[in-house]
Amino acid sequence: MDKHIARLRRARKTRVRIANLRMMRLCVFRTNAHIYAQIISENNSQVLVSASTLEKEVRDSLKSGSNIEAAALIGKRIAEKAKIIGIEKVAFDRSGFQYHGRIKALAEAARNAGLSF
């Protein structure tokens, strides 16, 4: 089993547990160059809020979109955007990625900015 298949298997297991909770989920995806975060509705039909290092305001303020500093900024932005539309509690979906480095930085920044999960 290669790394990609193993990550997708882990992601699928997590998403089944989150679906049983009937909660909005903060879904995180990372590539070598960027990091993306979305808050998806309970029935997985709508993206309510999103933030990524591809946004113009973020790109202008960062040197690189693929470091812990960028992930922390995205975590803060997604939490601020969520609070604006009234979302305060979500389930964290790390998409099968290990909880360290950029994923951990994004989660901690979102928690510090007022999002609870």
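**Strands and surface patches**

Trainee: Is Ile 85 buried, partly exposed or exposed?
Mentor: This is a predicted model, so keep that in mind. The relative accessible area of Ile 85 is 49%. Exposed needs over 50% and buried needs under 20%, so Ile 85 comes out as partly exposed.

Trainee: Where is Ile 85 found?
Mentor: Look past helix H3 (68-84) and before strand S4 (91-93). Ile 85 sits between those two elements, in the loop.

Trainee: Which residues make the nonpolar surface patch of about 300 Å²?
Mentor: We've already met one of them, Ile 85. The full set is Leu 48, Ile 84 and Ile 85.

Trainee: What about charge: is Arg 17 buried or exposed?
Mentor: Arg 17 lies in helix H1 (residues 3-21). On the surface, Arg 17 gathers with Arg 9, Arg 10, Arg 12 and Lys 13 in a patch of positive charge. Its relative accessible area is 52%, and the cut-off is over 50%, so Arg 17 is exposed.

Trainee: Which residue in S2 is the bridge partner of Arg 25?
Mentor: Start with the strands: S1 (residues 25-30) and S2 (residues 35-40) run antiparallel and are joined by six bridges. They form a hairpin with four residues between them. Arg 25 has as its partner in S2 Ile 40.

Trainee: And which residue in S3 does Ala 37 stand opposite?
Mentor: S2 also pairs with strand S3 (residues 47-52), antiparallel again, over five bridges. In that pairing, the residue opposite Ala 37 is Ala 51.

Trainee: What is the phi of Asn 44 in the turn?
Mentor: S2 and S3 form a hairpin with six residues between them. Asn 44 is in that turn, and its phi is positive, about 60°.

Definitions and conventions: Residues are numbered from 1 along each chain as its sequence is written. This is a predicted model: local features need pLDDT of at least 70, side-chain atom pairs count only at pLDDT 80 or more; totals for chains, interfaces and linings use all residues. Side-chain values use heavy atoms; hydrogens and water are left out. Patches are made of residues with over 30% relative accessible area and no salt bridge: like charges are joined within 9 Å, nonpolar side chains (Val, Leu, Ile, Met, Phe, Trp, Tyr) within 5 Å. Accessible areas come from the Shrake-Rupley method with a 1.4 Å probe; for residues, only the protein chains shown count as cover. A salt bridge is a side-chain nitrogen of Lys or Arg within 4 Å of a carboxyl oxygen of Asp or Glu. Lys and Arg count as positive and Asp and Glu as negative; His and the chain ends are not counted. The place of a charge is taken as NZ of Lys, CZ of Arg, CG of Asp or CD of Glu. Buried means under 20% relative accessible area, exposed over 50%, partly exposed in between (1.4 Å probe, protein chains only). Two strands pair if DSSP finds at least two bridges between them.
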